[in-house]
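Subject: Structure handover

Hello,

The structure we talked about is below, with its sequence. My notes on it follow.

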Amino acid sequence: QLQACGGGLRQPGGSLRLSCAASGSVFSRMAWYRQASGKQRDLDADISRDGSTYYTDSVKGRFTISRDNTKNTLYLQMNSLKPEDAAVYYCKGSGLYRDYWGQGTLVTVSS
């Protein structure tokens, strides 16, 4: 139901835009998580259907979450990337009875 893409290799300070295409109904809330190697999966940002957003302190001011409900697609604009942003990024959609996860897209930040 969720297909994430857009990951890649960037130098520190660079930018990247992730996309997550959803099929089926529009989720009430969607989010981006990251999972670095050997670590747990952590929330970066989420967004409600009407566009209300939440960011963790580590990405606030650098990342922007957005969604296009007409295309049923979630985005994450990542600016000022840091080496510690390197991780597999997952999108999540919150349905009525359960959450749905995308397959993950790898972001590498290295000079």
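How many bridges join strand β4 to β9? There are 7 of them, and β4 (residues 29-35) and β9 run antiparallel. Please keep in mind that this is a predicted model.

Overall make-up

The protein chain holds 11 strands and 0 helices. Its pattern along the sequence is therefore β-β-β-β-β-β-β-β-β-β-β, and with a radius of gyration of 13 Å, close to the 13 Å that the globule rule gives for 111 residues, the chain is as compact as a globular protein of that length. The C-alpha trace spans about 40 × 25 × 20 Å along its principal axes.

Of the 111 residues, 41% count as buried. The chain exposes about 5900 Å², and carbon and sulfur atoms supply 46% of that area. Among contacts between residues at least 6 apart in sequence, 51% join residues at least 24 apart. As for charge, there are 14 positive and 9 negative side chains. The centres of these two sets lie 4 Å apart.

Strands around β9

Strand β9 covers residues 87-94. It is mostly covered, with 7 of its 8 residues buried. In its pairing with β4, Trp32 stands opposite Cys91.

β9 also pairs with β10 (residues 99-101), in the antiparallel sense and over 3 bridges. A hairpin joins these two strands through 4 residues, and Gly93 has Tyr100 of β10 as its bridge partner. A further 3 bridges join β9 to β11 (residues 105-109), again antiparallel. There, Val88 stands opposite Leu106.

Strands around β3 and β8

Strand β8 (residues 73-78) is mostly covered too: 5 of its 6 residues are buried. It pairs with β3 (residues 16-22) in the antiparallel sense over 6 bridges. Leu18 stands opposite Leu76 in that pairing, and Leu16 stands opposite Met78.

β8 is also joined to β7 (residues 63-68) by 6 bridges, and these strands run antiparallel. Here Phe63 stands opposite Met78. Met78 of β8 thus appears in both pairings, opposite Leu16 and opposite Phe63.

Is β3 enclosed or open? Of its 7 residues 5 are buried, so β3 is largely enclosed by the rest of the structure. Besides β8, β3 pairs with β1 (residues 2-5), in the antiparallel sense over 4 bridges. Gln3 has Ala21 of β3 as its bridge partner.

Residues with a positive phi

Most residues other than glycine have a negative phi. Two residues are noted here for a positive value.

Asn72 has a positive phi of about 55° although it is not a glycine. Its place is in the loop between β7 and β8, where the hairpin has 4 residues between the strands. With a relative accessibility of 9%, Asn72 counts as buried, because that value is under the 20% cut-off.

Ser80 is likewise not a glycine, and its phi is positive, near 50°. This residue lies in the loop between β8 and β9. Ser80 is partly exposed, with a relative accessible area of 39%.

Two further residues

Glu84 is found in the loop between β8 and β9. Is it buried or exposed? At 54% relative accessibility, Glu84 counts as exposed. Glu84 and Gly102 are 18 residues apart in sequence, and their C-alpha atoms are 22 Å apart in space.

Ser48 belongs to strand β5 (residues 41-48). It counts as buried, at 8% relative accessibility. Which residues does Ser48 contact, leaving aside its neighbours within four places in sequence? They are Ser28, Arg29 and Arg67. Of these, Arg29 lies in β4 (residues 29-35) and Arg67 in β7 (residues 63-68).

Regards

Terms used:
Residues are numbered from 1 along each chain as its sequence is written. This is a predicted model: local features need pLDDT of at least 70, side-chain atom pairs count only at pLDDT 80 or more; totals for chains, interfaces and linings use all residues. Side-chain values use heavy atoms; hydrogens and water are left out. The radius of gyration is taken over C-alpha atoms; the globule rule is 2.2 Å times the number of residues to the power 0.38. Buried means under 20% relative accessible area, exposed over 50%, partly exposed in between (1.4 Å probe, protein chains only). Contact means heavy atoms within 4.5 Å. Accessible areas come from the Shrake-Rupley method with a 1.4 Å probe; for residues, only the protein chains shown count as cover. Lys and Arg count as positive and Asp and Glu as negative; His and the chain ends are not counted. The place of a charge is taken as NZ of Lys, CZ of Arg, CG of Asp or CD of Glu. Two strands pair if DSSP finds at least two bridges between them.
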